[in-house]
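Biologist: I should like to learn how the features of a model are read, term by term. Shall we begin with a single residue and then turn to the chain?

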Amino acid sequence: MVRFHKRGIEVLYMTDPIDEYAVQQLKDFEDKKLISTTKEGLELDDSDDEKKSREADKAAFEPLCKKIKVV
């Protein structure tokens, strides 16, 4: 198990095979709600700067994505 902090989010890497089964029974860890990143619909609270950066990246790569879809 590895833990680190980034952007105020604590990430808990669970790399042992038994972890998947253990997490199904655990709903929180050290008074923090566990959220699986492998499930669909993960939403993280992003700052306005991060949202603007993501939109700029999306616009910059849009022509490339269109070309790839055509091929």
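Modeller: I68 lies in helix α2; helices (H or I, at least four residues) and strands (E, at least two) are DSSP runs, numbered from the N terminus. This is a predicted model, in which local features need pLDDT of at least 70 and side-chain atom pairs count only at pLDDT 80 or more, while totals for chains, interfaces and linings use all residues. Residues are numbered from 1 along each chain as its sequence is written, and side-chain values use heavy atoms, with hydrogens and water left out.

Biologist: Is I68 buried or exposed?

Modeller: The general scale is relative accessible area: buried means under 20%, exposed over 50%, and partly exposed in between, with a 1.4 Å probe and protein chains only. I68 has 55% relative accessibility and therefore counts as exposed. Its C-alpha atom is separated by 14 Å from that of K58, 10 residues apart along the chain.

Biologist: How are D48 and K51 classed on that scale?

Modeller: D48, found in helix α2, counts as exposed because its relative accessibility is 55%. K51 is placed in helix α2, and at 42% relative accessibility K51 counts as partly exposed. As for spacing, D48 and Q25 are 35 Å apart in space, C-alpha to C-alpha, and 23 residues apart in sequence. For K51 and I35, 16 residues apart in sequence, the C-alpha to C-alpha figure is 21 Å.

Biologist: What pattern does the chain follow along the sequence?

Modeller: The chain reads β-β-α-β-β-α, with two helices and four strands. Its radius of gyration is 17 Å, well over the 11 Å that the globule rule gives for 71 residues, so the chain is more spread out than a compact globule. That radius is taken over C-alpha atoms, and the rule is 2.2 Å times the number of residues to the power 0.38. Along the principal axes, the C-alpha atoms fill a box of roughly 45 × 30 × 20 Å.

Biologist: What share of the residues is buried, and what share of the contacts joins residues 24 or more positions apart?

Modeller: Buried residues make up 1% of the 71 residues. Contact means heavy atoms within 4.5 Å; among contacts with a separation of 6 or more, residues 24 or more positions apart account for 26%.

Biologist: Where is confidence lowest, and where is it highest?

Modeller: The term pLDDT is the predictor's confidence in each residue, from 0 to 100. Confidence is lowest in strand β1 (residues 2-6), at a mean of 57, and highest in helix α2 (residues 48-70), at 89. The chain has a mean pLDDT of 79, and 90% of its residues reach 70 or more.
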